[in-house]
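Me: I would like a close look at the aromatic side chains and at the parts of the chain that surround them. Please take me through it in one connected account.

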Amino acid sequence: MIRPYERRVQYYETDKMGIVHHSNYIRWFEEARTDYLEQLGAGYEEMESQGVISPVLEVSCCYKTMARFPEQFQITVKMLQFNGIRMKLGYEVKDVKSGEIRCTGESAHCFLDENHRPVSLKKSYPGWYERLTKNGAL
């Protein structure tokens, strides 16, 4: 079972009013995505050591309510689409104490080899493909 990524709002992530600056949510998506992929057994460190990178193609964020210092929050990550060459992930940021949704978002990624050419995980790295399809709840 994949557990949500959990952390606390840091003071430096807020503005003068103590509200999280909007750009931080995108950083949090990346932290949660890294944790999610590691839990699936297909972490960035392992992939990159094998010559595979996964750049962000697009990212979106829909702000619902304001997060403030020093709230504890969790991010649930879900695999929305995956074909072995591209994947799309969904994010939900929720306040731990109140359960209030702070924001939702999505990010799209591809997989490239060391020459920055698309690579099919299904064909070239079937173990990673299996981990992402089996554990990614697709």
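Reply: In this predicted model, a good place to begin is the cluster in which ring pairs link Y25, W28, Y63 and F73. The structure as a whole holds 8 aromatic pairs, and one of them joins Y25 to W28 in an edge-to-face arrangement, with 4.9 Å between the ring centres and 65° between the planes. Both residues belong to helix α1 (residues 23-40), where they sit 3 residues apart, about one turn of the helix. Y25 is buried, with a relative accessible area of 2%, and W28 is buried as well, at 0%.

A further pair, F82 with F111, is also edge-to-face, its centres 6.2 Å apart and its planes at 90°. Because F82 lies in strand β3 while F111 lies in the loop between β5 and α3 (121-124), this pair ties together parts that are 29 residues apart in sequence. Both of these phenylalanines are buried.

From F82 one can move on to the strands. Strand β3 (residues 72-82) pairs in the antiparallel sense with strand β4 (residues 86-95) over 9 bridges, and M79 has L89 as its bridge partner in β4. The two strands form a hairpin with 3 residues between them, and G84 in that turn has a positive phi of about 95°. On β4 follows strand β5 (residues 101-110), with which β4 pairs in the antiparallel sense over 9 bridges; here the bridge partner of V93 in β5 is C103. This second hairpin has 5 residues between its strands, and G99 in the turn has a positive phi of about 80°.

Side-chain charges also connect β4 and β5: K88 and E106 meet in a salt bridge, 3.8 Å from N to O, with K88 in strand β4 and E106 in strand β5, 18 residues apart. K88 counts as partly exposed at 22% relative accessibility, and E106 likewise counts as partly exposed at 33%. Elsewhere, E71, D95, E100 and R102 are linked in a network of salt bridges.

Returning to helix α1, E31 forms a salt bridge with R7, the closest N and O atoms being 2.8 Å apart. This pair links distant parts of the chain, since E31 lies in helix α1 and R7, 24 residues away, in strand β1 (residues 5-8). The two partners can be set side by side: E31 is partly exposed at 27% relative accessibility, whereas R7 is buried at 14%.

Notes
Residues numbered from 1 in each chain as written. Predicted model: local features only at pLDDT ≥ 70, side-chain atom pairs only at ≥ 80, totals over all residues. Heavy atoms only, no water. Pairing = 2+ DSSP bridges. Helix = DSSP H or I, 4+ residues; strand = E, 2+ residues; numbered from the N terminus. Phe/Tyr/Trp six-rings, centres within 6.5 Å; stacked < 30°, edge-to-face > 60°. Buried < 20%, exposed > 50% of the residue type's maximum accessible area, 1.4 Å probe, protein only. Salt bridge = Lys/Arg side-chain N within 4 Å of Asp/Glu carboxyl O.
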